[in-house]
Amino acid sequence: MKNAKIVLGVSAGIAAYKAVELLRLLVKEGAEVRVVMSANAGQFVTPLTFAALSGHPVYHSVFDAQNSMEHIRVAENADLLVVAPATASTLAKMAHGLADDALSCLHLAFKGPVLVCPAMNEGMWGHPAVKDNIALLKSRGVEFVDPESGELACGVIGLGRLADTNVILDKVRGYFSQRDDLTGIRFLITAGPTHEAIDPVRYLSNPSSGKMGYAVAEQVMARGGQVVLISGPTHLKPPPGVDFKPCKRADEMNTLVQEQFENCDVLVMSAAVGDFAAEKLEKEKIKKQGDEGLILKLVATKDILLEVAKRNSGKLVVGFAAESQNLVESALEKLRKKNLDFIVANDISAPGIGFQSDSNQVTIIDREEKIEDLPLKPKREIADLLLDRILFRLKHP
Ligand SMILES: Cc1cc2nc3c(=O)[nH]c(=O)nc-3n(C[C@H](O)[C@H](O)[C@H](O)COP(=O)(O)O)c2cc1C
């Protein structure tokens, strides 16, 4: 974990003493760790203990005149936030966006991955409010190391004890492990929506955030592959190291894909490409005429995957299908028609998944029409599972 920058968030549970050991082991593995404590965590372990072991000041008070912007500074300089132990109260604050102490402020200011390790009494762990908060956090891509069964501080035996420190450590290692199994493989990835202009101020589009395609690009880079990322307009930062090619319209995306296709080994088409564009682009803004409506004539855009299929290149091609009905049948039809090696289908009518979300629940169908339903997972994990399958197929054509 050399060069890994980790924030260890500690909240006020009896297991706070185990965070001391976790900190010691993280530092021993070479991580640079900043500890952030909830307002109540100091009731269990003093900031001094964490400061001594981490070699850095501990951020535990929001209202410190010397360090009033500390939550922003610490958040900007970290790769991962690990909250261990996470109390029921801290989970609730994270789920609902409260920011009333150092840990909860830091959590909102932090943009990277978050790993939460809850610990609490069995009754609290089983409470529907806690379950709902966890489900909400999971739907945003937050990952969990669930508590274990065992003797709890309250004297009973049950589920709620902080996971073993080594289990947490293993999970943390996973964020920084540099697999290089995609070395030498060139990926062409499309992401985001397209914008089809109608006039200088209006366009047709869809709510795609680009998160799925960017997650695939990130994981390819993390595993040593090369990426050309062709992206429609999104609010995301291109992952470091990718060859980034922004575009707006479907025909621009098509041109870029056809140009770049020759130089890739794998094409992953995760962009939500518009199917229709206005037949005519008005030079001036279309004026509203009283109560009169407006009839727009739309024409079909080029189907990028069909164009690619015509080239019969022998390259591995992955498509995505966002469907609101007959998910599997529609995806199978697309797989066959476009001669794909894999299709990743997701049901956009289900709440909390698909467009905009950090998590997704997808079905992967391969060329042999083997259907694999994956559970709800952060998009980063889905990307990795997809890449595992792509790699297997490349090795066993
Ligand atoms: C001795 C003691 C042990 C506690 N252990 C836990 C615990 O393991 N998990 C938990 O969710 N709350 C536990 N609590 C309750 C929390 O400390 C309390 O909800 C607190 O407000 C949480 O603050 P924080 O989440 O802001 O750190 C404990 C309280 C006491 C007095």
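Reader: Which helix gives the largest share of the shell around the ligand?
Author: In this predicted model, helix 4, residues 88-96, supplies 4 residues, the largest share of that shell. The ligand is surrounded by 16 residues, and the closest are Ala-12, Ser-38, Thr-87, Ala-88 and Thr-90. A residue is counted here if one of its heavy atoms lies within 4 Å of the ligand.

Reader: What makes the approach of Thr-87 to an oxygen atom of the ligand a polar contact?
Author: The cut-off for a pair of N or O atoms is 3.5 Å. An N or O atom in the side chain of Thr-87 is 2.5 Å from a ligand oxygen, so the pair is within 3.5 Å and qualifies as a polar contact. Thr-90 also uses a side-chain N or O atom, at 2.6 Å from an oxygen atom of the ligand. With Ala-88 the atom is a backbone N or O, 2.8 Å from a ligand oxygen. On its own the ligand has 640 Å² of accessible area, and the protein covers 66% of that.

Reader: Why is strand 19 called mostly covered?
Author: A residue is buried when its relative accessible area is under 20%. In strand 19, residues 362-366, 5 of 5 residues are buried, so the strand is called mostly covered. Val-362, Ile-364 and Asp-366 point one way, Thr-363 and Ile-365 point the other way, and these residues are buried on either side.

Reader: How do you know that strand 19 pairs with strand 17 and with strand 20?
Author: Pairing needs at least two bridges between the strands. Strand 17, residues 342-347, shares 5 bridges with strand 19, so the two are paired, in the antiparallel sense. Strand 19 and strand 20, residues 371-373, share 3 bridges, so they too count as an antiparallel pair. Phe-342 stands opposite Asp-366, and Ile-364 has Glu-372 as its bridge partner in strand 20. The hairpin of strands 19 and 20 has 4 residues between the strands, and Glu-369 there takes a positive phi near 70°.

Reader: What makes strand 12 and strand 20 the edge strands?
Author: The open sheet has 8 strands in the order 12-11-8-13-16-17-19-20, with mixed pairing. Strand 12 and strand 20 each pair on one side only, and that makes them the edges. On average, neighbouring strands are turned by 15° against each other, direction ignored.

Reader: How do you know that helix 12 packs on the sheet?
Author: Contact means heavy atoms within 4.5 Å. Helix 12, residues 327-337, touches strands 16, 17, 19 and 20, so it is said to pack on the sheet. The direction of helix 12 makes about 155° with that of strand 17.

Note on methods:
Residues are numbered from 1 along each chain as its sequence is written. This is a predicted model: local features need pLDDT of at least 70, side-chain atom pairs count only at pLDDT 80 or more; totals for chains, interfaces and linings use all residues. Side-chain values use heavy atoms; hydrogens and water are left out. Buried means under 20% relative accessible area, exposed over 50%, partly exposed in between (1.4 Å probe, protein chains only). Axes are lines fitted to C-alpha atoms, for helices over the stretch in contact, and angles run from 0 to 180 degrees between N-to-C directions. A polar contact is a pair of N or O atoms within 3.5 Å; within protein, one must be able to donate a hydrogen and the other to accept it, and residues adjacent in sequence count only if both atoms are side-chain atoms. Accessible areas come from the Shrake-Rupley method with a 1.4 Å probe; for residues, only the protein chains shown count as cover.
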